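The following exercises are to be worked with the sequence and the structure at hand. Each task is followed by a solution in steps.

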Amino acid sequence: MTQRENLLDLTPDEAETRLSTFMSEVGEPEYRVRQVLRRLWQNPAASFDAMTELPAALRRELDSAFALPRLELVVRQKSVDGTQKFLFRLSDGEAIETVAIPEGNRVTLCISSQAGCALRCAFCATGAMGFSRNLEVHEIAGQVREMRLIDEPVDVTNIVFMGMGEPLMNWKAVDPVLTLLNDPRALGIGARHITISTVGVLPGIVALGQRPEQFRLAISIHAPTDELRRSLMPINVKYPLADVIEAAQVFDRRVTFEYVMLGGVNDGAEHARQLAELARECRAFVNLIPLHPGGSQGFAATPPEGIARFARAVRDRGVEVAIRKSRGMDIAAACGQLRVERLGRRPPRAAKQHGDIQVA
Ligand code: SF4
């Protein structure tokens, strides 16, 4: 049997072209293309068979030519604060996490871009599990698609690439995923409501900056000096702070600095001063993140009054700063935590050189 082509790995333009050829081959009118296109992402169908607006014979023909793979939902946890966490199993048995965070009339979906992560940030549960592989287009955008398909669907308004993995190390897939998220023929989420979070992968920041849409960029700084950052984030050897700051300066839109508060590690008065200086250099907005208990080993959370003091010190130096609310404290909502809980820790696997990490 020939392999069926996966329509969910294609951008709307590609899918339209492909479906147009198919419809003319099977002698169906052109409007069928738009009918199917709508059912890929906008109003997704669980299968071709569920596209009951199409004749049964056409549904069968579509099914023998194309695939519409689902992500298998293994766990759905709900927090008392409304946060929901999902664990999806992929076709090769890998598992990834997605978190939906409601806030007022918005729901932000935190999506994964890799199974595991090679970057080994010291405070991160995903980093501790090692890297398995890059996710494919349909596995990343599919996390949003599934929110429209599951029982009690989730009406996602915002996307952050802050789940498992470093999105700019998988630019080959993330680039078309951004199109799918934003295109009104697909998921139709405004570019300003889509944030890519990176540790500072320079080629990826440049590639993102070249896209015409106003996607948002968040950079995980987490330490205001190279020495401290190197000890927390090994990637700082390859992309030191000065390079990351320079990239943030040339990215011609507002950048957010993410800064996880690690008790006694990066939360001193001097750190606040240094962080504020860096933020001023690129007019960045600073987001302070309380450490999620259980998400990391060997680190203590900065107490709330310490975070408030740190925020004041940064703000007093003319930098806009916010403290992220901790969400999903009663479920395993820290990135990587649920997968570790369900599948157990396994020895970290270093990425094969170049082969399985795709940098822009
Ligand atoms: S914090 Fe992000 S980049 Fe660092 S190990 Fe975790 S998933 Fe990877």
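**Exercise 1. Determine how strand 10 and strand 11 are paired, and extend the analysis to the other neighbour of strand 10.**

Solution. The model is a predicted one.

Step 1. Strand 10 covers residues 194–198 and strand 11 covers residues 216–220; the two run parallel and are joined by four bridges. Within this pairing, Ile196 has Leu217 of strand 11 as its bridge partner.

Step 2. Strand 9, residues 158–161, also runs parallel to strand 10, to which three bridges join it. Here Ile159 is partnered by Ile194 of strand 10.

Step 3. The burial of strand 10 can now be examined. Five of its five residues are buried. In a regular strand, side chains alternate between the two faces of the sheet. One side of strand 10 carries Ile194, Ile196 and Thr198, the other Thr195 and Ser197, and both faces are covered.

**Exercise 2. Follow the pairing from strand 11 through strand 12 to strand 13, and state whether the residues of strand 12 are buried or exposed.**

Solution.

Step 1. Strand 11 and strand 12 run parallel and are joined by four bridges; the partner of Ala218 in strand 12 is Thr256.

Step 2. Strand 12 then pairs with strand 13 (residues 285–290), again in the parallel sense, over six bridges. In this pairing Glu258 stands opposite Asn287 of strand 13.

Step 3. Strand 12 comprises residues 255–261, and seven of its seven residues are buried. Val255, Phe257, Tyr259 and Met261 lie on one side, with Thr256, Glu258 and Val260 on the other. The charged residue Glu258 is thus among the buried residues of this strand.

**Exercise 3. Place these strands in their sheet and identify its edge strands.**

Solution.

Step 1. The sheet is open, has 10 strands and shows mixed pairing; its order is 3-4-5-6-9-10-11-12-13-14.

Step 2. Strand 3 (72–78) and strand 14 (321–323) are the edges, each pairing on one side only.

Step 3. On average, neighbouring strands of the sheet are turned by 20° against each other, with direction ignored.

**Exercise 4. Describe the protein as a whole: what are its secondary structure content, its extent and its burial?**

Solution.

Step 1. The protein contains 12 helices and 14 strands.

Step 2. The C-alpha trace spans about 70 × 45 × 40 Å along its principal axes. A compact globule of 360 residues would have a radius of gyration near 21 Å, and the protein agrees with this because its own value is 21 Å.

Step 3. Of the 360 residues, 46% count as buried. Among contacts with a separation of 6 or more, 69% are between residues 24 or more positions apart.

**Exercise 5. Explain why Arg59 and Arg315 each count as partly exposed, and locate both residues.**

Solution.

Step 1. Arg59 belongs to helix 3, residues 56–65. Arg59 is partly exposed because 18 C-beta neighbours lie inside 10 Å, whereas a buried residue requires 20 or more.

Step 2. Beyond its neighbours within four places in sequence, Arg59 contacts Phe48, Asp49, Met51 and Leu54. Its C-alpha atom is separated by 60 Å from that of Gly318, which is 259 residues away along the chain.

Step 3. Arg315 lies in helix 11, residues 304–315. Arg315 is partly exposed because 15 other C-beta atoms lie within 10 Å. Ala272, 43 residues apart from Arg315 in sequence, is 9.3 Å apart in space, C-alpha to C-alpha.

Notes:
Residues are numbered from 1 along each chain as its sequence is written. This is a predicted model: local features need pLDDT of at least 70, side-chain atom pairs count only at pLDDT 80 or more; totals for chains, interfaces and linings use all residues. Two strands pair if DSSP finds at least two bridges between them. Axes are lines fitted to C-alpha atoms, for helices over the stretch in contact, and angles run from 0 to 180 degrees between N-to-C directions. The radius of gyration is taken over C-alpha atoms; the globule rule is 2.2 Å times the number of residues to the power 0.38. A residue is buried if 20 or more other C-beta atoms lie within 10 Å of its own, exposed if 12 or fewer, and partly exposed in between; C-beta atoms are placed from the backbone. Two residues are in contact if their C-beta atoms, placed from the backbone, lie within 7 Å.
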